[in-house]
Amino acid sequence: MNTSILNGASWKVIAFCAMTLGAVAIPLLFIAVFVDAEPFPRDTLFGCYTSANAPALLIESDAIHIVEPSRRTFAYIAEPSKVSYQLNVRPALQLSPLPSGSYVFMETRGTGFFWSLLPVRGKNRDRIRHPNEFAGRFQLYARDGTRFIYSRETTAAECRDVL
C-alpha cells in the first residue's frame, strides 16, 4: 500500500487548518494587544444612588459617600474589566443584613470590591461595552448573596444632608 498519497493529503489538511487558525487568531491577537478600552469619565457617575433596604450612596469626584450618621466613604475608580466596566471600590465594606430586613455596610476581609456598571435594562446581558451605554445603575452583592441594583435618582432627598 502506498502511504505517500495519504501523507500528502494529511499535510494539505494540516496546512489548511493552520492557515484558517492564523486568519482568525492574528486579528484577535491584534485587537487584544493594541485596542484599549475607552476611559470612563468620572463625571458620568456623579449623583445620588438608591436601592431598596440599603443605604443611599452619593458619588462625587473625590469619593462615594455612604448616607449614614458615621459618614464613611469609599475611594473609587471607574475602569474597564474583561467584558464590561466596573467600579473598583476601597475599603472592603460589604452590605450585611440586619434582623429588621434592611442592610448596612460593614467591614469585611479584603481590600475592596468590584461593582458592575449596568446598561439600560435588557441590553447586553448587564454589561456595558462603552461608557456611553451606562444607564445610571450598578450592581453589588451583599454578604448573604443578595443582589442590589443601585439606581441614580433625580430627586436626591436621601443625599441632601450628606456633606
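**Warm-up.** Are Phe74 and Trp115 buried or exposed? Both Phe74 and Trp115 are buried, where buried stands for under 20% relative accessible area, exposed for over 50% and partly exposed for in between (1.4 Å probe, protein chains only).

Before going on, note that this is a predicted model, in which local features need pLDDT of at least 70 and side-chain atom pairs count only at pLDDT 80 or more, while totals for chains, interfaces and linings use all residues. Residues are numbered from 1 along each chain as its sequence is written, and side-chain values use heavy atoms, leaving out hydrogens and water.

**Exercise 1.** Find the aromatic pairs around Phe74 and work out how their rings are arranged.

*Solution.*
1. Start with the rule: rings of Phe, Tyr and Trp (its six-membered ring) pair if their centres lie within 6.5 Å; planes under 30 degrees apart are stacked, over 60 edge-to-face, and the rest tilted. The count by this rule is nine aromatic pairs.
2. Take Phe74 with Phe105: the centres are 5.3 Å apart and the planes make 75°, an edge-to-face pair.
3. Place this pair on the chain: Phe74 is in strand S4 and Phe105 in strand S7 (residues 103-107), 31 residues apart. Strands here are DSSP runs (E, at least two residues), numbered from the N terminus.
4. Check burial: Phe74 has 0% relative accessibility, and Phe105 is buried at 2%.
5. Now take Phe74 with Trp115: with centres 5.2 Å apart and planes at 80°, this pair is edge-to-face too. Trp115 lies in strand S8 (residues 113-118), so the pair ties together parts 41 residues apart in sequence.
6. Widen the view: ring pairs link Tyr49, Phe74, Phe105, Trp115, Phe138 and Tyr150 into a cluster.

**Exercise 2.** Inspect the backbone for a cis peptide bond and for positive phi at Asn53 and Arg71.

*Solution.*
1. Recall the background: most residues other than glycine have a negative phi, and most peptide bonds are trans.
2. Look at omega: the bond joining Arg90 and Pro91 is cis, at about 5°. Pro91 lies in the loop between strand S5 (85-90) and strand S6 (93-97).
3. Turn to Asn53, whose phi is positive at about 65°. Asn53 sits in the loop between strand S1 (47-50) and strand S2 (57-59) and is exposed, with a relative accessible area of 52%.
4. Finish with Arg71, where phi is about 55°. Arg71 belongs to the loop between strand S3 (64-66) and strand S4 (73-80) and is partly exposed at 48%.

Conventions
Helix = DSSP H or I, 4+ residues; strand = E, 2+ residues; numbered from the N terminus.
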